[in-house]
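This report walks through one protein model, strand by strand and residue by residue. Please keep the sequence and the three-dimensional view open while reading.

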Amino acid sequence: MSVGAHRTLTISPSAVNFSTSSKSAFGDLIRETVSNLIAPFRKEYKDWPWAGIAVVSVVCVGSYSVYKLLPGSYRQFYMYSTAQYVEEYNKALHTYKENLFSQLETIKVQKGAKMSVVEIGIGSGANFSFYPRDIVEVVGVDPNREWESYLTDILKKNRHVKCPELLVGNAENISVIRESQVDAVVSTLTLSCVKDVDQACREVRRILKPGGLFLYLENVRSENVVIALIQALFTPFYKLFYGMSLIRNIPKNIEHANFTNFSQQLFHANGLTFFMAPHVLGVAKK
Ligand SMILES: C[S@@+](CC[C@H](N)C(=O)[O-])C[C@H]1O[C@@H](n2cnc3c(N)ncnc32)[C@H](O)[C@@H]1O
């Protein structure tokens, strides 16, 4: 009995020791191999801001997961960040917007009638304060129904604008509005968000009355190659936070959109980040 017990006690620990040491030898081998493999890179990249890279990666992976797994929460976040951003944007582009919206006053409407305007990508209603006094009725087109509460709030502060409806849908397909129905279409920071700019321009032209105006103010790809490259790098972030691309050649899309005539001005918007600053302001006539 005592011999058997003794045997059990001696054999068992040595078996454990044997497998532990073989495991740790294998682990050491892996560690050494990996360490040898990364040694040259470790030296070369040791000065990189790894903490910053880790934080940015976690933010990106986290945001992308929220975007994919919780689309409702993502939309709320996207709308909040967009609404905050456009306030700053309006301050920087105030004069340009005033200039653009003053074009509406050149449109003639029948006495007593309101001018019918469609604003694609109406968002939080950031343009309401720029519409001329008491002459327009604005119908919004936007895929996000949730903007309704923002629009209700902003309409209370801009009683000179009538906005009877928000059409929930994309600018690429405004089939609820028949051909040649509206006096003007407005787009600010929206052609940089839609999926298909050419199709959106075709729809804009379709719904405009002959002689009707398309007013647009959009961020565009820079003509400077280095800035255009930086814009390409930042586009995924802008897509995530504000839904917009920084690298669209919107003036070209307008050129190909078969408007009767158009005039557009490229400019650098002071007060915006340098890669967001390249802009186009234009008026196209059907
Ligand atoms: C960057 S925000 C600009 C909002 C507003 N136009 C402004 O200047 O403040 C872009 C807007 O376009 C809308 N949008 C995105 N895709 C769209 C599409 N395919 N058709 C129409 N609007 C779209 C978004 O919901 C958002 O309201």
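Phe-214 stands opposite Ala-284 in strand S7, and it is also the residue in strand S5 that serves as bridge partner of Val-185. The model is a predicted one, and the values below should be read with that in mind.

## Strand S5 and its partners

The pairings just named belong to two kinds of strand contact. S5 and S7, the latter spanning residues 278-285, pair in the antiparallel sense over seven bridges, whereas S4 and S5 pair in the parallel sense over six bridges. How far is S5 enclosed by the rest of the structure? Nine of the 12 residues of S5 are buried, so this strand is largely enclosed.

S4 and S5 are also parts of a right-handed β-α-β unit, in which H6 is the helix. Helix H6 covers residues 197-207, and its buried residues are Val-197, Ala-200, Cys-201, Glu-203, Val-204 and Ile-207. These buried residues lie on the same side of H6, because they cover an arc of only 160 degrees around the axis. Among the elements that cover them are strand S1 (115-120), strand S4 (182-188), strand S5 (208-219) and helix H8 (250-255), so that the two strands of the β-α-β unit are included in the cover over the helix of that unit.

## Strand S2 and its partners

Strand S2 is mostly covered, with six of its seven residues buried. On one pairing, S1 and S2 run in the parallel sense over six bridges, and the bridge partner of Ile-120 in S2 is Val-141. In the other pairing, five bridges join S2 to S3, and these strands also run parallel; here the bridge partner of Val-141 in S3 is Leu-167. The chain crosses from S2 through H5 to S3, and this β-α-β crossover is right-handed.

Val-161 lies in the loop between helix H5 (147-157) and strand S3 (162-168). Leaving aside neighbours within four places in sequence, Val-161 is in contact with Phe-128, Tyr-131, Val-136, Val-138 and Leu-155. Arg-133 is 28 residues from Val-161 in sequence, yet their C-alpha atoms are 7.2 Å apart in space.

## Individual residues in loops and strands

Four residues, each with its count of other C-beta atoms within 10 Å, are set out below.

| Residue | Place | C-beta atoms within 10 Å | Class |
|---|---|---|---|
| Val-161 | loop between H5 and S3 | 22 | buried |
| Lys-209 | strand S5 | 15 | partly exposed |
| Ser-180 | loop between S3 and S4 | 14 | partly exposed |
| Leu-189 | loop between S4 and H6 | 24 | buried |

The class follows from the count, because a residue is called buried if 20 or more other C-beta atoms lie within 10 Å of its own and exposed if 12 or fewer do, with partly exposed in between. Leu-189, with 24 such atoms, is therefore buried, whereas Ser-180, with 14, counts as partly exposed.

Which residues does Lys-209 touch, not counting those up to four places away in sequence? Lys-209 touches Ser-180, Gln-181, Val-182 and Asp-183. The C-alpha atoms of Lys-209 and Lys-285 are separated by 9.5 Å, although the two residues are 76 residues apart along the chain.

Most residues other than glycine have a negative phi. Ser-180, which is not a glycine, has a positive phi near 55 degrees, and Leu-189, likewise not a glycine, has a positive phi of about 55 degrees.

## The ligand shell

How many residues surround the ligand? The shell holds 23 residues, and the closest are Gly-121, Gly-123, Ala-126, Ala-171 and Thr-188. By class, this shell is made of 11 nonpolar, nine polar and three charged residues. Helix H3 (71-92) and strand S2 (136-142) each supply at least two residues of the shell, and S2 is the mostly covered strand that pairs with S1 and with S3.

## The protein as a whole

The protein has eight helices and seven strands. Buried residues make up 30% of its 286 residues. Of the contacts in the protein with a separation of 6 or more, 71% are between residues 24 or more positions apart.

Conventions. Residues are numbered from 1 along each chain as its sequence is written. This is a predicted model: local features need pLDDT of at least 70, side-chain atom pairs count only at pLDDT 80 or more; totals for chains, interfaces and linings use all residues. Helices (H or I, at least four residues) and strands (E, at least two) are DSSP runs, numbered from the N terminus. The arc is that of the directions from the helix axis to the C-beta atoms. Two residues are in contact if their C-beta atoms, placed from the backbone, lie within 7 Å. A residue is near a molecule or strand if its C-beta atom, placed from the backbone, lies within 6 Å of it. Ala, Val, Leu, Ile, Met, Phe, Trp, Tyr, Cys and Pro count as nonpolar, Asp, Glu, Lys and Arg as charged, and the others, Gly among them, as polar. Two strands pair if DSSP finds at least two bridges between them. A crossover is right-handed if, with the strands pointing away from the viewer, the path from the first strand over the helix to the second runs clockwise.
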